[in-house]
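Student: I have a new model open and would like to talk it through with you. Could we go over it in questions and answers?

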Amino acid sequence: MPEARVALYPGTFDPVTNGHLDIISRAARLVDRLVIGLGINAGKEPIFNLEERIALIEDEVAPIAEKTGAVIEVRAFNALLISFAEQMGAKMIVRGLRAVSDFDYEFQMAGMNYRLDPGIETVFLMASERHQFISSRFVKDIALLGGDISSFVPKLTLERTLAKLRK
């Protein structure tokens with residue numbers, strides 16, 4: 001029996017955007033198991049706490065898992081990315097690229113990760129044209145300032161983000 005194809009898609013996902021879901025959907029078609037790794041980054045001030053992000057992403061990706069047949073897990077991590085990938089049994093790290101500006105950073109990171117473990121490949125998926133400009137940071141800023149984020153996030157994320165900001 002062939003070994004399961006396992007990939008890791010890391011990020012903070014605060015909030016999860018339509019662009020994230022696009023990459024998750026496309027990555028899930030390529031693997032048997034996709035681990036969405038929620039990085040714990042003390043330097044960022046998230047809208048959602050870790051447990052809320054995990055629950056939200058699990059809810060958002062359930063239809064994708066059902067449609068693709070891939071197992072999709074959401075796990076938090078606070079370690080070196082390559083160590084977490086090894087721990088999850090991933091042989092692939094999935095990264096989404098939106099623009100040329102993303103490439104330089106991602107290229108350097110992929111090179112460092114390869115040096116740390118050449119058995120784990122970084123695979124870049126280009127953001128779909130309609131999602132190339134979306135970033136969680138911009139979505140969060142727009143939401144915090146009272147702007148309309150409905151075209152950038154899925155409906156459930158929109159509802160939970162607006163409810164969170166009303167508190």
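Below, the two of us discuss the cores, a strand, a helix and some salt bridges of this predicted model.

Student: Let's begin inside. Which element supplies the largest share of the largest nonpolar core?
Tutor: Happy to start there! The core has 28 residues, and Ile-24, Leu-34, Ile-36, Leu-38, Ile-57, Ile-72 and Val-94 touch the most other members. At least two residues each come from β1 (6-11), α1 (18-28), β2 (33-39), α2 (50-68), β3 (71-77) and β4 (92-97). The largest share, 7 residues, belongs to α2.

Student: Which residues does Ile-72 touch, leaving out those up to four places away in sequence?
Tutor: Ile-72 is among the core residues that touch the most other members. With those sequence neighbours left out, its contacts are Ile-24, Ala-28, Leu-34, Ile-36, Val-61, Ile-64 and Ala-65.

Student: How many residues are in the other core?
Tutor: That core lies apart from the largest one, and its members include Val-6, Leu-8, Val-35 and Phe-77. Strands also contribute to the largest core, β1 and β2 among them. As a reminder, in a regular strand the side chains alternate between the two faces of the sheet. The other core has 12 residues.

Student: Now to β4: how many of its residues are buried?
Tutor: Look at its partners: β4 pairs in the parallel sense with β1 over 2 bridges, and with β5 (residues 121-126), also in the parallel sense, over 6 bridges. Because so many of its residues are buried, β4 is largely enclosed by the rest of the structure. Of its 6 residues, the buried ones number 5.

Student: Which residue of β5 stands opposite Val-94?
Tutor: On the β1 side, Leu-8 has Ile-93 of β4 as its bridge partner. Going the other way, β4, helix α4 (residues 100-116) and β5 make a right-handed β-α-β unit. In β5, the residue opposite Val-94 is Val-123.

Student: Within what arc do the buried residues of α5 fall?
Tutor: Helix α5 (residues 136-144) has Ser-136, Val-139, Lys-140 and Ala-143 buried. Seen down the helix axis, they line one face, because they fall within an arc of 100 degrees.

Student: What covers those buried residues, and which residue with positive phi follows α5?
Tutor: The cover includes α1 and α6 (155-166). After the helix comes a residue whose phi is near 85 degrees, and that residue is Gly-146.

Student: On to charges. How many residues apart are Arg-5 and Asp-32?
Tutor: These two form a salt bridge, with the closest N and O atoms 3.1 Å apart. Arg-5 counts as partly exposed at 45% relative accessibility, and Asp-32 is likewise partly exposed, at 32%. Arg-5 sits in the segment before β1 and Asp-32 in the loop between α1 and β2, a separation of 27 residues.

Student: Is Glu-73 buried or exposed?
Tutor: Glu-73 meets Arg-33 in a salt bridge (2.6 Å, N to O). Arg-33 is in β2 and Glu-73 in β3, so the pair ties together parts that are 40 residues apart in sequence. A network of salt bridges links Arg-33, Glu-73 and Arg-75. At 18% relative accessibility, under the 20% cut-off, Glu-73 counts as buried.

Student: Which helices are tied together by Asp-59 and Arg-160?
Tutor: Their side chains meet in a salt bridge (2.6 Å, N to O). Asp-59 is partly exposed at 38% relative accessibility, and Arg-160 is partly exposed at 29%. The pair ties together parts that are 101 residues apart in sequence, in helices α2 and α6.

Notes:
Residues are numbered from 1 along each chain as its sequence is written. This is a predicted model: local features need pLDDT of at least 70, side-chain atom pairs count only at pLDDT 80 or more; totals for chains, interfaces and linings use all residues. Side-chain values use heavy atoms; hydrogens and water are left out. A nonpolar core is a set of buried Ala, Val, Leu, Ile, Met, Phe, Trp, Tyr and Cys residues joined through side-chain atoms within 4.5 Å. Buried means under 20% relative accessible area, exposed over 50%, partly exposed in between (1.4 Å probe, protein chains only). Helices (H or I, at least four residues) and strands (E, at least two) are DSSP runs, numbered from the N terminus. Contact means heavy atoms within 4.5 Å. Two strands pair if DSSP finds at least two bridges between them. A crossover is right-handed if, with the strands pointing away from the viewer, the path from the first strand over the helix to the second runs clockwise. The arc is that of the directions from the helix axis to the C-beta atoms. A salt bridge is a side-chain nitrogen of Lys or Arg within 4 Å of a carboxyl oxygen of Asp or Glu.
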